[in-house]
Amino acid sequence: MGSPARSFGLDRRQLSWSRGDWGLWIAALGLSLVGAVLVWSATRHTHGDGYLLRHLINLVVGLLIGATCMRVDFRLIRAIAPWVYLVSVLGLVLVLSPLGSTINGSRSWIQVPGFSIQPAEFAKGALCVGLAMILAERGERGAPPPTRDVWLALAVAGVPIALVLLQPDLGEVLVLLALTFGVVAVSGASRWWLVAALVGMAIAIALAVTTPVLSAYQRARLTAFADPSVDPTGIGYQVRQVKIAIGSGGLTGEGLFQGRQTQGGFIPFQQTDFVFSVAGEELGFLGSAVIVLVLTFVVVRGVLIARAAQDSFGRLVAVGVVCWFLFQILQNVGMNLGLMPVTGLPLPFVSYGGSSMFACWAAIGLLENVHLVSLRRLY
């Protein structure tokens, strides 16, 4: 038997930088840098270069996290998956303790001197590896997961989903639900499990909307989607201003740092939830379309990596990341365009926010790791 260091160490053939998916790295980096410019445009009139500098610092840290996730032996990732999951659950529990902070009606943050942490962002990656570990056991032999494994996977997913719902953060709950559904579907589970999962998702959403689980602020976000006039000075005002900003951009935009809504500071939290409206106003339809195309490229690369994966664990991890990115992109762009209710989800890589940036780059590192493992097994 080899030593533990040999079993879980770095395989240099697997980890050669020249064999990484550089298109994926460049696309994610390009989105992050474009996000830095958009965040700067949205905040420079009130905060100078502060948000820009923090965004760039978050990007550097995110790149280091992504590189680490890429270089760690995939067998080690699988071995520590239960601990990663437990740490993420602990973070969600701490949010609900006196250590948690409430922002915009959601108790989703832990304040640390100098910065804040949103554990729900890291729960996505933890759930990707946790579900894959459970459902891949039989998949390695080409068999669908047994009933007990599917039950266990749903229970494992249910814990962070319930904790995030208690914050409450409906947007993050929907991402975790979409991620879980995608991984279970690709694992080969019976179609009846998928039907049951869809019914469960519908029930969870209905309960969140019809019971006092959601805060008044978040409930106003949902009602403003149907009728912005119900909250003309709150979220309804924000929704209208976003529509005005994107509509005024036209085909080519009003010019970087020239958007009247953006530079006038009419859109609250524009650097986070509504950063896409900066692109719509200042870069226009063409600039916004390029951002959407690059985001689509990241998702498509994830799909191709999942299809090429040589083992079930890697395939399910990649599928989880794809479902996470895809749903979050559709929700964020949709709410900026007025096609989806406002849920407070950031746009991956583009929006300002350390927790989101770190989690997204960790996901890129996982995709790269799956890609490199597949190449090693092919050759």
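Visitor: Why is cysteine 323 called buried or exposed here?

Guide: This is a predicted model, and in it cysteine 323 has a relative accessible area of 18%. Buried means under 20%, so cysteine 323 is buried.

Visitor: What about cysteine 128, buried or exposed?

Guide: Cysteine 128 sits at 0% relative accessibility, so by that cut-off it counts as buried.

Visitor: How do you know whether cysteine 128 is bonded to the closest cysteine sulfur?

Guide: Look at the distance. The closest cysteine sulfur to that of cysteine 128 belongs to cysteine 323, and it lies 8.4 Å away. A disulfide needs the two sulfur atoms within 2.5 Å, so 8.4 Å is too far for a bond. Cysteine 323 is in no disulfide either, and the structure as a whole holds zero of them.

Visitor: Switching to helices, what makes α10 roughly parallel or roughly antiparallel to α12?

Guide: The crossing angle does. The axes of α10 (residues 235–249) and α12 (residues 275–282) cross at roughly 30° and come within 6 Å. Angles under 35 degrees count as roughly parallel, so that is the label for α10 and α12.

Visitor: Which residues make that contact?

Guide: From α10 there are Val242, Ala245, Ile246, Ser248 and Gly249, and from α12 there are Ser277, Gly280 and Glu281.

Visitor: Why is leucine 92 called buried or exposed?

Guide: Leucine 92, which belongs to helix α4 (residues 74–95), has a relative accessible area of 0%. With buried set at under 20%, leucine 92 is therefore buried. Leaving aside residues up to four places away in sequence, leucine 92 touches Pro119, Ala120, Ala123, Pro160, Leu163, Val164 and Gln167. Its C-alpha atom is also 10.0 Å from that of glutamate 121, a residue 29 positions away along the chain.

Visitor: And the chain overall, how much of it counts as buried?

Guide: Of its 379 residues, 53% count as buried. The chain has 15 helices and three strands, and it exposes about 16400 Å², with carbon and sulfur atoms supplying 70% of that.

Visitor: Which element has the lowest mean pLDDT, and which the highest?

Guide: Helix α1 (residues 4–8) has the lowest, at 42, while helix α13 (residues 284–308) has the highest, at 96. Over residues 1–15 the pLDDT stays under 50. Where pLDDT is low, the predicted coordinates should not be read in detail. For the chain, the mean is 85, and 84% of the residues reach 70 or more.

Notes:
Residues are numbered from 1 along each chain as its sequence is written. This is a predicted model: local features need pLDDT of at least 70, side-chain atom pairs count only at pLDDT 80 or more; totals for chains, interfaces and linings use all residues. Side-chain values use heavy atoms; hydrogens and water are left out. Helices (H or I, at least four residues) and strands (E, at least two) are DSSP runs, numbered from the N terminus. Buried means under 20% relative accessible area, exposed over 50%, partly exposed in between (1.4 Å probe, protein chains only). Accessible areas come from the Shrake-Rupley method with a 1.4 Å probe; for residues, only the protein chains shown count as cover. pLDDT is the predictor's confidence in each residue, from 0 to 100. Contact means heavy atoms within 4.5 Å. Axes are lines fitted to C-alpha atoms, for helices over the stretch in contact, and angles run from 0 to 180 degrees between N-to-C directions. Angles under 35 degrees count as roughly parallel, over 145 as roughly antiparallel, 65 to 115 as roughly perpendicular and the rest as oblique.
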